[in-house]
Amino acid sequence: MINYAVDSDGIATITWDMPGRTMNVLNEGSMAAFADAAQKAVKDPAVKGIILTSGKADFIAGADLEMILNVDTSDAKALTEQFSQLQKMFRAMETSGKPWVAAINGTALGGGFEICLACHYRIAADNPKAKIGQPEVKIGLLPGGGGTQRIPRLIGVMAAAPVLIEGKDLSVAEAKGMGLIHEVVPAGELLARAKAWLMAPSTEKVSPTYTKGVTLDARAVQPWDKPNYRIPNFAGGKVWPGGVEMFIGGNAMISGKTNGVYPAPKAILSCVYEGLNVPFDTGLKIETRYFVSLLRDPVSKSMIRTLFFGLQEANKLARRPKGVPKQEYTKIGVLGAGLMGAGIANVSARAGLSIVLLDRDQASADKGRAHIQADVEKDAGRGRLTKERAAEILGRVKATADYADLKGCDLVIEAVFENREVKAAATKQAEAVLAPTAIFASNTSTLPITGLAEASARPANFIGLHFFSPVEKMPLVEIIVGKQTSQETLARALDYVQKIRKTPIVVNDSRGFFTSRVCGAFISEGHRMLKEGIPAAMIENCARLAGMPVGPLALNDEVAIDLSYKIMDQTRRDAEAAGQKYEGSGTEDMLELMVKKLERFGRKNGKGFYEYPADGKKRLWPGLKEHFKEREELAHGEGPAKDAVAAEVKKRLLYVQAIDTARCLESNVLTDPQDGDIGSIMGLGFAPQTGGAISLIDQVGIAKFVQECDSLAQKYGSQFAVPKLLRDMASKGQSFYGAKSKAA
Amino acid sequence: MTEAYIYDAVRTPRGKGRRDGSLHEVTPVRLAVTALQALRDRNKLDTSLVDDVVLGCVMPIGEQGANIARTAAVMAGFEQTVAGVQINRFCASGLEATNMAAAQVMSGQSQAVIGGGVESMSRVPMGSDGGAWPVDPAVAIPMYFVPQGISADLVASKYGFSRDDVDAYSVESQKRAKAAWDAKYFKKSIVPVKDQNGVELLDHDEHMRPQTTMQSLASLEPSFKMHGEMMPGFNAVALQKYPEVEKINHVHHAGNSSGIVDGAAGILIGTKEFGEKAGLKARARIRSFASIGSEPTIMLTGPAPASEKALKRAGMSTKDIDLYELNEAFAAVVLRYMQALNIPHDKINVNGGAIAMGHPLGATGAMILGTLLDELERRGLSTGLATLCIGAGMGTATIIERV
């Protein structure tokens, strides 16, 4: 696992090479083995210097996240002890009196780079694929191996911020430019250069703080252990007063960027601020205490579970029916060359597929192809694609108005107008030329797949592939399985989604499927709040402060208010036609007012909940205040009473989505909680700090969630009515993820 | 409870708080000494009757550090038995010092105490003392810290004051200050600052810009727009606490905010018996006072609840107050106060305020209380209320009644 060798010049080389893994990671086993090797090197009087390197293509990828996910967080004192071990080992390296060199052959992330920072010198191979950085913040954690202390002491707080707080991945060249790496050399010279640095004659002696007067070769002493150390780029080399302005600004930036929902960036800034005010070893203790606080915060585990393991499993097609041979795609058809169709064609062509992009006439089809051309040329202009590759992608897209061109397609995705008759005609015309085995998919966002499949001669091959707009940016595809859709079709559709490098979730057919339905619940709650006299700005801001990308009113303006009206109207008619009682959302009158009386349809006619001045940014329509009078204590209130309303607004906007997601699980629209979590975050931008709409319920605790929803239902209506599934789970003390070691 | 009476109130003129200000060459100790000696000399005060000197000072470091109140009492040549204590209630320090002086008297523990304050903003600049509140991430982030200018713009945005509203208020403040100086309304309190040879350095408030008009103010750029919208983006912090506000409208600038100045003030407070012993006639009695905490991010809306608390304690209502003084930290602060308590403009800051004459942080509270007393006497009115908004969300108010 950790190879140890000493050469005749007294240079020890410690090589990380964990068996059975493609990447080295820091876990209990590898850390213990490394500690043994390190101790051997330090104790052996024949060893003059130590090289740290890797036997794999990359250096060390970081800590084993499974270990982090499974850690028992109940005993804070024990955790503090446990998670200070890595730091102690690293600290022992840099204060051993012997010089250490990190020979970084490839990617070194997280703890894998922190071990390099504990070396006195860092040389990297000029490997263009290598990534250097501290990505811990992206999963709600912080670099707990001394990273928050060493990086700012090495390069200054301002330069450290993007590395620590944004978790930015750096190329080797960038890391060198920032001063995180001392040298970059050709890969073949890496070890020789590391040895040469160690073998060079000593030129300077210093007396570090920890030897109490004994002098050492300056090469074996870290900058922060040298006498008269000063923090870079702070006047006077100290936080007070030289760094004060920077922290004042940093606090505001972090507060604004995280909207108060992500604890990790705040904890990192605190580690830096508090740690730089005290000696290095005390700073390490501070780092561990904040690390433990993040481990014990449900946010980090939720984010790791969904955004790391959940995403990994979804991308590996966890829901794919077994025993179906993998479908290789070469040619697919896209019907409808509008924004969605062209987007689907674009991402598919970029994944190497040949595309037949069809619309009702050649000009419309050409327009879709022009969209792709503009997009690849933009990327070529920015150096993201080579000119050749851009031409190749475009060359694979054939724009046509002739259904005969679909011949030979393995899959056809229909993205035509959202109308049953238009879709039925497209289905029939396409199937007429397709092989009997070909899949026909509809990109409908609302119409039930089972109904659309009635137009198909082979409903077993008919499936829903719901893309999100803009297709190029949105990572999710919601796969909708109709009543007659075969398992084989599902498996093959999943193969397509994997091919175009999107993340799939699988849902069963129902009105609005999963994502559109939950999105509607979110928008309706915003409508209700407006009717209650909550200021529109508070609704919108609170949505963002709860972690949503936009507020419900802005979202409604984007999807069109008249569309919401039509859906509501259709639902009401359908219910009446079926002789059922229309339950209603309680916002019918508001939609009626906006659409029928005021003709405010949303962004599409420049008049919605917002107004869209030609000369500036959109702003809330002032007329809202006339039609929906703001509650006086909110307009003119300050302090705890108003804060409590804001807190409840945030809660309602998330809970109304979470409870609807739970209903989808109960009614088997969703078959796995993880699809609800991945789907809500990747499709709707649902508050990532929660780990998703189902994970949120676990975070809150099902029993407490049920209790809170009961009280919300009493105050605000049946949208918070608790499904039996949750009530049962609460009474049994269950949770969605609690018993699982990881989401599997 | 023993009654606390005001026997006298003095202040130095306010010098521009810059290197070219007339008082920049004067140390803060000498500014404070000027006020203390004036109280002694014009009242022929036997300082052995004074128990304590309470001085407000907001940047109590450097040459304003080490308890400037005690230093000033000794340097003023007061009896060595006179104690000294420096206090910091941010912008209301001068009024708080007066209230604490009154409290010592009312509680029967002191017979005479001088309250007041001093600040040389040109020599010990704002922000010199640092503090965890804006700097420490574990404090600043959960407290939603924003600088006062952002808070002032938030007050304007939330309560609906436009750039024209705040500018019009400021033009009026300049006009009133000019009229008051021209008519010598401040002469009772002003003590010119002199050098060691008795040569006068300053005898008037030198920050005033009486020629100010709506047009001249219109040319000023808002001061806090960049900090709010760009780097580092304090508006996003403010809106987390005030999500009901869509957008912060940046209306404040140097012309409608309080001026940065140097100065000191002192108020002599004592029991009835002290007055008899010292042969002094009481000018007013302290009816009540109060300090309150309010929401820290909007920060500057404390004067209304502080005033309400003081009124309630005095068994009074706003109708019972003849004149108000509210420190003009920012124009929107006064506009919000008038809106919240329904106070007409002709009863508040009738001789202008800090927008025209400046706000020497630690001293202002004592200065406006003196101004209020002078004006009540000049108009033959009875009751007045002085109040200030305060950093981190507080308010202090004092109600006096002429006797």
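A residue is called buried here if 20 or more other C-beta atoms lie within 10 Å of its own, with C-beta atoms placed from the backbone. Keep that in mind for the views below, which all show a predicted model.

**Figure 1. Helix H7 of chain A turns several residues inward.**
Helix H7 of chain A covers residues 157-164. Which of its residues are buried? They are A:Val157, A:Ala160, A:Ala161, A:Val163 and A:Leu164. To see what these buried residues pack against, look for strand E7 (132-133) and helix H6 (147-155) of chain A, and then for H10 and H11 of chain A. Two of these neighbours, H10 and H11, come up again in the next view.

**Figure 2. Chain A and chain B meet in a contact that draws on both chains.**
Chain A gives 31 residues to this contact, and chain B gives 25 residues. On the side of chain A that touches chain B, at least two residues come from each of these elements: helix H10 (244-258), helix H11 (263-276), helix H21 (536-545), strand E20 (619-620) and helix H26 (632-635). Which element supplies the largest share? That is H10(A), with ten residues. Sorted by class, the side of chain A that touches chain B holds 19 nonpolar residues, nine polar ones and three charged ones.

**Figure 3. Chain A at a glance, with its three domains.**
Here is the whole of chain A, with 31 helices and 20 strands. Its C-alpha trace spans about 90 × 65 × 55 Å along the principal axes. The radius of gyration of chain A is 29 Å, which agrees with the value near 27 Å that a compact globule of 744 residues would have. Of those 744 residues, 51% count as buried. Among contacts in chain A between residues at least 6 apart in sequence, 71% join residues at least 24 apart.

The chain is divided into domain 1 (2-296), domain 2 (331-511) and domain 3 (516-668 + 672-731). How far apart are the C-alpha centres of domain 1 and domain 3 of chain A? They lie 45 Å apart. Where these two domains touch, domain 1 of chain A provides four residues and domain 3 of chain A provides five residues. The side belonging to domain 1 of chain A has two nonpolar and two polar residues, and no charged residues.

**Figure 4. Eight strands of chain A form an open sheet.**
Follow the strands across the sheet in the order E13-E12-E11-E14-E15-E16-E17-E18 (chain A), and you will find that the pairing is mixed. At the edges are strand E13 (397-400) and strand E18 (503-508) of chain A, each of which pairs on one side only. From one strand to the next, the twist averages 25°. For a closer look, pick strand E11 (residues 331-335) and strand E12 (residues 354-358) of chain A, which run parallel and are joined by five bridges. Within this pair, A:Gly333 has A:Val356 in E12(A) as its bridge partner.

**Figure 5. A:Met594 sits in helix H24 of chain A.**
Helix H24 of chain A spans residues 588-597, and A:Met594 is one of them. Why does A:Met594 count as buried? Because A:Met594 has 26 C-beta neighbours inside 10 Å. Leaving aside residues up to four places away in sequence, A:Met594 touches A:Ile561 and A:Arg600. Another residue to find in this view is A:Lys607: it is 13 residues from A:Met594 in sequence and 9.5 Å from it in space, C-alpha to C-alpha.

**Figure 6. Chain B and its covered strand E1.**
Chain B contains 15 helices and twelve strands. Its radius of gyration is 20 Å, close to the 22 Å that the globule rule gives for 403 residues, so chain B is as compact as a globular protein of that length. The C-alpha trace of chain B spans about 60 × 45 × 45 Å along its principal axes, and 63% of its 403 residues count as buried.

Now zoom in on strand E1 (residues 5-11) of chain B, where seven of the seven residues are buried. Strand E1(B) runs antiparallel to strand E8 (residues 261-270) of chain B, with six bridges joining them. E1(B) is also joined by two bridges to strand E9 (residues 284-293) of chain B, again antiparallel. A good place to start is B:Tyr5, whose bridge partner in E8(B) is B:Gly270 and whose bridge partner in E9(B) is B:Arg285.

How values were computed:
Residues are numbered from 1 along each chain as its sequence is written. Chains are lettered from A and ligands numbered from 1 in the order in which they are written. This is a predicted model: local features need pLDDT of at least 70, side-chain atom pairs count only at pLDDT 80 or more; totals for chains, interfaces and linings use all residues. Two residues are in contact if their C-beta atoms, placed from the backbone, lie within 7 Å. Helices (H or I, at least four residues) and strands (E, at least two) are DSSP runs, numbered from the N terminus. Ala, Val, Leu, Ile, Met, Phe, Trp, Tyr, Cys and Pro count as nonpolar, Asp, Glu, Lys and Arg as charged, and the others, Gly among them, as polar. A residue is buried if 20 or more other C-beta atoms lie within 10 Å of its own, exposed if 12 or fewer, and partly exposed in between; C-beta atoms are placed from the backbone. Two strands pair if DSSP finds at least two bridges between them. Axes are lines fitted to C-alpha atoms, for helices over the stretch in contact, and angles run from 0 to 180 degrees between N-to-C directions. Domain bounds come from an automatic or database domain assignment. The radius of gyration is taken over C-alpha atoms; the globule rule is 2.2 Å times the number of residues to the power 0.38.
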